[in-house]
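Here are some exercises to try with the sequence and the 3D view side by side. Have a go at each task before you read its solution.

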Amino acid sequence: MQQRCASLLAGKRTAYTRIGTLIVILLICGVPSLAMAQDTATLDSGNTAWMLTATALVLFMTIPGLALFYGGLVRVQNVLSVLMQCFALTGLMTILWIICGYSLAFNTAGMEAGKITLGSFVGGLGTMFLRGVGVDSLSGDIPETVFITFQMTFAIITPALIAGAFAERMKFSAMLIFSVLWSLVVYAPLCHMAWSGPGSLFGDIIGALDFAGGNVVHINAGIAALVAAILVGKRIGYGTSAMPPHSLTLTVVGASMLWVGWFGFNAGSAVAANGTAGMAMLVTQISTATAAIAWMFVEWAKHGKPSALGIVTGAVAGLVAITPASGTVGPIGALVIGLVSGVVCFWGATSLKSKLGYDDSLDAFGVHGIGGIVGALLTGVFTAMALGGTGVENSAGELVEINIGLQVWKQFLSIAITIVWSGVLSFIILKIVDATVGLRVEEDDERQGLDLSQHNERGYNLS
């Protein structure tokens, strides 16, 4: 019996030894596979769901948000022309983004971390017509198709913002040609400089912070708007005849849609459903509310009464200014950014415009250009951990404190490049368009209104 038990135990030990050896071999062979699996990006359904939502919110900002906001600000004979511009640009920029816009903005061919190359300024053409993008393609842990569409909504709204500067007087054909050229020559390269990753001029070489589009969208569009307003010229009767908004009701509704949609703009720029997105949402709300109230009280003090137009314009100023800072500042920074932008943009849209005499019809420069500059500069201050910000990542991926003076200089340098890039190239493009199809409608057409002269329709049935 003892021999039999010993034999059985020996057999079991042999079996256990073989099993153990097999497990060790499988583990050894499986380690590279496990490591490879860890390194391979996998889709995160939570992040994907949030980015689908954020993308819809940003598109909602242009149609109907911006369309209604701008549409209410113009005179009754031009309301449909503004709605038409926003809608047409939504379609045209979508097609352009698919053909080559996305490739020029985000293709990383020829880029090297820490080195200035041609790839630091503009992307290659390797992903024209979205070549290589399929159902299973990923950008980080979300489908690349979602990332493409999200960034497309930014490419849509940026030229639409510019349209506010030359509203009521530019030819529809000229607007379309200008927008196509501007998006390819100005917007896509600037987007690449800021957001394309290692080797990009702003993000890597200079080290400037632009979380959701202070340079790329707002300063860029604001400077182009100022150049366009000057080159197209003033509206007939500007400065001598009253030109009140025809429907502040539409404007307030549109501004409200912009406020809500902007959560997709800023919180969506985290490209994840995480704490950064949550803080971006919070600071966006704080800055917007503060700027709206700041503008209201400044206007109240100066003119004796607060206006609906003032408070909603102040809200947009706060939205603009917090955009570059929304991923790196905290609540205190958001309060200050909102307060400063509300006051400074009020000055820009009233006193500065009146003093210099340009006709920025819907204050595209006064709100987006000036608000973007304010926000970009203050990002360099309130990103400091000591002031409630996140700090910046070092080479090891750790969050560290910033040198405020140095970071403000980096922010200033990126702003200066954006102003020169957008200003010079916008001027050249506008001159080309003017020499080919002409920028401005005929005087009789302008007096009649663009709804009839450009589209043969009326925004309202006046009978």
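**Exercise 1. Is L130 buried or exposed, and where is F129 by comparison?**

Keep in mind that this is a predicted model.

Step 1. Look up the relative accessible area of L130, which is 18%. Buried means under 20%, so L130 is buried.

Step 2. Do the same for F129. Its relative accessibility is 58%, and the cut-off for exposed is over 50%, so F129 counts as exposed.

Step 3. Place both residues. L130 sits in the loop between α3 and β1, and F129 is found in the loop between α3 and β1 as well.

**Exercise 2. What is the sign of phi in F129 and L130, and which peptide bond is cis?**

Step 1. Start with the background: most residues other than glycine have a negative phi, and most peptide bonds are trans.

Step 2. Read the two phi angles. F129 has a positive phi, near 55°, and is not a glycine. L130 is not a glycine either, and its phi is positive, about 55°.

Step 3. Now turn to the peptide bonds. The one from I63 to P64 is cis, with omega near 15°. You can find P64 in helix α2, residues 45–73.

**Exercise 3. Why is C345 in no bond with C86?**

Step 1. Search the whole structure for disulfides: the result is zero.

Step 2. Check the distance. For C86, the nearest cysteine sulfur is that of C345, 20 Å away. A disulfide needs the two sulfur atoms within 2.5 Å, so the sulfur of C345 is too far from that of C86 for a bond.

Step 3. Add the surroundings. C86 counts as buried, at 2% relative accessibility, and C345 is buried too, with a relative accessible area of 0%.

**Exercise 4. How do helices α3 and α5 pack?**

Step 1. Recall what to look for: two packed helices are described by the angle between their axes and the distance between the axes.

Step 2. Fill in both values. Helix α3 (residues 79–106) and helix α5 (residues 172–195) pack at about 40°, and their axes are 9 Å apart. That makes α3 oblique to α5.

Step 3. Name the hand of the crossing, which is right-handed for α3 and α5.

Step 4. Sort the contact by class: 20 residues are nonpolar, five are polar and none are charged.

**Exercise 5. Which class of aromatic pair do F106 and F147 form, and which do W182 and Y187 form?**

Step 1. A pair of aromatic rings is described by the distance of the centres and the angle of the planes. The structure has 14 aromatic pairs.

Step 2. The ring centres of F106 and F147 are 5.2 Å apart and the planes meet at 75°, so this pair is edge-to-face. Because F106 lies in helix α3 and F147 in helix α4 (residues 144–162), the pair ties together parts 41 residues apart in sequence. Both F106 and F147 are buried.

Step 3. For W182 and Y187, the centres are 6.5 Å apart and the planes are at 35°, so the pair is tilted. W182 is buried, with a relative accessible area of 0%, and Y187 is buried with 1%.

Step 4. Finish with a group: F150, F154, W195, W262 and F265 form one aromatic cluster.

Notes. Residues numbered from 1 in each chain as written. Predicted model: local features only at pLDDT ≥ 70, side-chain atom pairs only at ≥ 80, totals over all residues. Heavy atoms only, no water. Buried < 20%, exposed > 50% of the residue type's maximum accessible area, 1.4 Å probe, protein only. Axes fitted to C-alpha atoms, helices over the stretch in contact; angles between N-to-C directions. Helix = DSSP H or I, 4+ residues; strand = E, 2+ residues; numbered from the N terminus. Parallel < 35°, antiparallel > 145°, perpendicular 65-115°, else oblique. Left-handed = near helix turned anticlockwise from the far one by under 90°. Nonpolar A, V, L, I, M, F, W, Y, C, P; charged D, E, K, R; others polar. Phe/Tyr/Trp six-rings, centres within 6.5 Å; stacked < 30°, edge-to-face > 60°.
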